[in-house]
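Me: I'd like to learn how to read a structure like this one, feature by feature. Can you walk me through it?

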Amino acid sequence: MATLVFLEHHGDELLKGGLGVLSKAASIGDEAAGVVVGSGVGALADVAGEFGAARVYVADAPELEAPLPQPRVDVLARIVEETNADAVLFANSVLAADTAAGLAARLDAGLNWDLVDIARRDGKLIGTRPALQDSIYADVGWTSTPQLALIRTGSFDPAATGGSAEVVDVDVRLEDFSTTARMIEQAHEESEGPSIEDADVVVAGGRGLGGPENFTLVEELAKALGGAVGATRAVVDAGWYPYSTQVGQTGRTVSPKLYVACGVSGAIQHKVGMQGSGVIVAINKDPHAPIFEFADLGVVGDIHQVVPKLTELVTQRKSG
Ligand SMILES: Cc1cc2nc3c(=O)[nH]c(=O)nc-3n(C[C@H](O)[C@H](O)[C@H](O)COP(=O)(O)OP(=O)(O)OC[C@H]3O[C@@H](n4cnc5c(N)ncnc54)[C@H](O)[C@@H]3O)c2cc1C
């Protein structure tokens with residue numbers, strides 16, 4: 001089955017989300033082809049080959065430099081028409097969601113969104129979609145081709161296979177109406193350390209911290225462990241920490257090797273964003289907090305006492 005995977009890039013790097021979807025598509029036996037769209041992006045095709053792409057379509061033109069959806073819809077629609085692709089998969093992002101929706105409208109195709117898994121059963125593509133506040137998983141399908149899917153962040157890890165892809169240059173022809181929107185300004189949030197989705201360690205703070213000033217406890221532990229800081233919705237809503245760090249149903253999905261939850265109750269909406277973590281450590285003063293039901297290691301105690309000691313121990317170990 002010929003499957004296209006939209007590979008978003010930031011600067012000269014392909015994003016992990018798209019590479020994860022590409023690896024997954026290749027692993028279920030699809031002939032997976034990556035699509036790279038931008039300006040000066042030719043070199044990125046080689047990276048896609050290493051993650052399972054048999055072929056990479058490269059649309060490289062100055063008018064594709066800005067990360068705007070409509071020109072990407074033009075490029076993808078053309079590739080779908082020329083290749084008769086059965087499926088087009090996207091790793092969720094603002095750009096990917098806009099592009100996927102535009103492509104669905106252009107091709108009159110069905111789009112399943114927020115999928116956390118895909119599989120082939122009897123040759124048919126089946127998606128898995130959490131429902132009822134992520135408490136159940138539903139199988140979803142498509143009634144026509146191409147089958148479009150938007151996959152939840154962090155669902156698949158990129159798997160390097162060391163392969164190489166055939167590179168196909170796309171003749172870029174944009175519709176007049178696709179070039180009317182212009183990017184006026186782009187801003188990048190400056191942050192130290194790894195991003196929350198890429199980090200091997202995430203230390204998350206919840207309302208148990210008692211106030212925004214106490215987030216330094218979480219930040220110091222994250223720094224000592226070489227990880228990123230996460231937050232619950234309760235603290236984000238209270239304005240203690242930025243939304244970009246929110247883990248959960250309405251935030252990010254993360255799957256680090258180690259997740260340390262400090263003063264986090266473990267509500268279902270938080271759990272769904274971090275339950276794929278390797279080892280979950282919870283520090284909470286309430287022994288009946290729901291997080292202890294799914295933590296691998298639980299510390300019943302006051303975070304104001306436990307967390308600084310833990311940071312000190314980690315720092316000592318590293319310098320020792
Ligand atoms: C539609 C919907 C979507 C949602 N999406 C999200 C989401 O994406 N992410 C998310 O996180 N939530 C989400 N929520 C909110 C979620 O239901 C919870 O309200 C939220 O996760 C609770 O955050 P919390 O654990 O920080 O706070 P609380 O539930 O108030 O828990 C604080 C915890 O800290 C402990 N504590 C207090 N003081 C200390 C101390 N000194 N030492 C140690 N422990 C202490 C308490 O025992 C308690 O367990 C969503 C809710 C809805 C309805």
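Reply: Sure, let's start at the ligand: one of its nitrogen atoms lies 3.0 Å from a backbone N or O atom of isoleucine 303. That counts as a polar contact, meaning a pair of N or O atoms within 3.5 Å. Keep in mind that this is a predicted model, where local features need pLDDT of at least 70 and side-chain atom pairs count only at pLDDT 80 or more, while totals for chains, interfaces and linings use all residues. Residues are numbered from 1 along each chain as its sequence is written, and side-chain values use heavy atoms, with hydrogens and water left out.

Me: Which atoms of the ligand face the side chains of threonine 232 and glutamine 246?

Reply: Oxygen atoms. An oxygen of the ligand is 2.6 Å from a side-chain N or O atom of threonine 232, and an oxygen of the ligand is 2.9 Å from one in the side chain of glutamine 246. On its own the ligand has 980 Å² of accessible area, and the protein covers 77% of that (Shrake-Rupley method, 1.4 Å probe).

Me: How many residues surround the ligand?

Reply: Here a residue is near a molecule if one of its heavy atoms lies within 4 Å of it. By that rule 25 residues surround the ligand, and among the closest are Arg207, Ser265 and Gln269. Helix 6 (233-237), helix 7 (268-271) and helix 8 (303-319) each give at least two residues to this shell. Helices (H or I, at least four residues) and strands (E, at least two) are DSSP runs, numbered from the N terminus.

Me: How do I read a sheet, and what is the strand order in the one with seven strands?

Reply: Start with pairing: two strands pair if DSSP finds at least two bridges between them. The seven-strand sheet is open, with parallel pairing and the order 7-11-6-1-4-5-12. Strand 7 (111-115) and strand 12 (166-169) are its edge strands, each pairing on one side only. Inside the sheet, strand 1 (residues 2-7) runs parallel to strand 6 and is joined to it by four bridges; threonine 3 has alanine 87 of strand 6 as its bridge partner.

Me: Is the pairing in the three-strand sheet parallel or antiparallel?

Reply: Antiparallel, in an open sheet with the order 8-9-10. Strand 8 (117-121) and strand 10 (136-140) each have a single partner strand, so one side of each lacks a neighbour in the sheet. Five bridges link strand 9 (residues 124-131) with strand 10, and arginine 129 is bridged to alanine 138 in strand 10.

Me: Which backbone angles should catch my eye?

Reply: As a rule, most residues other than glycine have a negative phi, and most peptide bonds are trans. Asparagine 84 has a positive phi, near 60 degrees, and sits in the loop between helix 3 (69-83) and strand 6 (87-91). The peptide bond from threonine 145 to proline 146 is cis, with omega near -5 degrees. Proline 146 is in the loop between strand 10 and strand 11 (147-151).

Definitions and conventions:
A polar contact is a pair of N or O atoms within 3.5 Å; within protein, one must be able to donate a hydrogen and the other to accept it, and residues adjacent in sequence count only if both atoms are side-chain atoms.
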